[in-house]
Structure formats: C-alpha cells, structure tokens
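Please work through the exercises below with the sequence and the model side by side, trying each task before reading its solution.

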Amino acid sequence: MMKSQGIGMTSQRTRDRLVERLRNEGIRNPAVLAAIGSTPRHLFVDEALASRAYEDTALPIGLGQTISQPYIVARMTELLLEVEPSKVLEVGTGSGYQAAILAKLVDKVYSTERLEALASQARQRFRKLAYRNIRVQHSDGSWGWPQFAPFDAIIVTAGGEDIPRALLEQLAVGGRLVMPLGNRTQQTLVSVTRTPTVYERVDFEPVVFVPLLGGAG
Ligand code: SAH
C-alpha cells in the first residue's frame, strides 16, 4: 500500500465529499462540480483553518473578509456560465478561490480587490499554483476595469444596495452580471443579463456577503 500523502490525500477525498454534497444541494453543471473537485480550497485559507476548508461554509480570511461558501461559489459560477463567457470580471478577489474556479472554466479572469494585502496574497497563490489566466488588480472594483471592458460576465462577490453603473456599462451585450443585492445583513442573489435593448433582472435565493465598499458601491 502507498504511504499516506498527508493533506493531499485527505483533501481529495474530502473534496469529493464536498462535490457530492453540492450535487445534492442542486448544483448540476458538471464542469462547475469538476472545477470544485480539483481546486485545493485549503490552500486559499490560513493554515489554521485548512482542516475546515471542505466544509460547505464561509471562512474568515483576515481583514474582516471571508472566503465564500462553496455552494454560493458554485451557484454564482453556474449562473455566469449560462451565457458561455470567455472574459470574466470579478469584483472582490478576496482569497482568490472564486477566481481560481472561474479560471478553470473560462479563457481569462480579471479580478479586482480593494485591499492591497489580499490582492498581493492572491497573486502569490496564483503564481504558486500556476494559474496563468488570472489577472489581479488592486483597485476599487465598483468602477470596473475599463481597460479590459467589455466583459462577457461580471461577478461581484460583495453585497451592495445597487449595481454600480460602471459595471452595467462594462457588460457586453449578451453578457451577464451576478451579484448579491441588499443591505448589510441580508442580500438576494441577482442576475442581470444585457440584451441589445434592456437589462433583464432575475432574483434568486437569499445570501449573506461582506459589503461592497468604495466610490461607486
Ligand atoms: N471572491 C472572494 C470572496 C471575498 S469577500 C473569495 O473567493 O475568496 C469580498 C471581497 O471583496 C473582500 O476581499 C473585500 O475586500 C472585497 N471588496 C469589497 N469592496 C470592494 C471594491 N469596491 N472593489 C474591490 N474589492 C472589494
């Protein structure tokens, strides 16, 4: 028998269990489930929390921020993929986990984070794990990332009262934005799809996110 490879082996088994759980909770897209099954979430949290990385729960990542619950990551990713995006903007890099999931499913991920420390930590993680299609910028993402607009999809991983106007403008026609909308304690997961003439909004389940801060937020 092979010798235990420690966390590596444990992680694959616990990751498979997480995927099974997400499937039972209604996540259907096989590509999304595969991305979650192959992404080492324990490397996106502090070592002290690594043992809890495959629970379906949000975890603190320092500076008052959190890595989102895997179910929510899967759900938002699933909603985005429906428009078959190739270029995606994320507002709120945080740990980098959501961006890492997206990077397995689309061509190019642009992610902005307003906290310098988190932005540079995420950059280091992406380098270490050899993700080559994620670009991180330390900036107020409520202004989007005009240089690379328009985006086929935009995911905002922090909650706000309104969708920043700049983000709606930087969404390509046929594209979709997914964001938690509401007050500080409770939001609704919302998707907005841009057609040639209008923005179509659909409301989904209640969610709880840290607040979107900054100029246009
Ligand atoms: N997607 C992240 C979740 C991070 S929590 C992950 O997978 O781990 C939300 C993040 O949004 C926090 O790191 C917070 O600092 C960041 N944030 C809040 N307002 C922002 C803004 N206006 N621009 C960019 N990032 C913002």
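Three exercises follow, on the sheet, the ligand and the backbone.

This is a predicted model, in which local features need pLDDT of at least 70 and side-chain atom pairs count only at pLDDT 80 or more, while totals for chains, interfaces and linings use all residues. Residues are numbered from 1 along each chain as its sequence is written, and side-chain values use heavy atoms, with hydrogens and water left out.

**Exercise 1.** Find the order of the strands in the open sheet, and say which strands stand at its edges.

Solution. Begin with the elements, which are DSSP runs numbered from the N terminus (helices: H or I, at least four residues; strands: E, at least two). Two strands count as paired if DSSP finds at least two bridges between them, and on this basis the open sheet has 7 strands in the order β5-β4-β3-β6-β7-β8-β9, with mixed pairing. Next, look at the ends: β5 (134–138) and β9 (199–207) each have a single partner strand, so one side of each is left without a neighbour in the sheet. Then take one pair from the interior of the order, where β3 (residues 87–91) and β6 (residues 151–156) run parallel over 4 bridges, with glutamate 90 standing opposite isoleucine 155 in β6.

**Exercise 2.** Identify the residues that come nearest to the ligand, and trace its polar contacts with serine 95, glutamine 98 and aspartate 140.

Solution. A residue is near the ligand if one of its heavy atoms lies within 4 Å of it; of the 27 residues around the ligand, Ser95, Glu113, Asp140, Gly141 and Leu213 come nearest. For polar contacts, look for pairs of N or O atoms within 3.5 Å. A polar side-chain atom of serine 95 is 2.6 Å from a ligand oxygen atom, a backbone N or O atom of glutamine 98 is 3.1 Å from a ligand oxygen atom, and a polar side-chain atom of aspartate 140 is 2.9 Å from a ligand nitrogen atom. Finally, the protein covers 99% of the 580 Å² of accessible area that the ligand has on its own, as computed by the Shrake-Rupley method with a 1.4 Å probe.

**Exercise 3.** Locate the cis peptide bond that ends at proline 150, and describe the setting of leucine 63.

Solution. Most residues other than glycine have a negative phi, and most peptide bonds are trans. The bond from alanine 149 to proline 150 is cis, with omega near 0°, and proline 150 lies in the loop between β5 and β6. Leucine 63, in the loop between β1 (59–62) and β2 (65–67), has a positive phi near 55°; with a relative accessible area of 55%, leucine 63 is exposed (over 50%, with a 1.4 Å probe and protein chains only).

Methods: Polar contact = N/O pair within 3.5 Å; in protein donor to acceptor, adjacent residues only side chain to side chain. Buried < 20%, exposed > 50% of the residue type's maximum accessible area, 1.4 Å probe, protein only.
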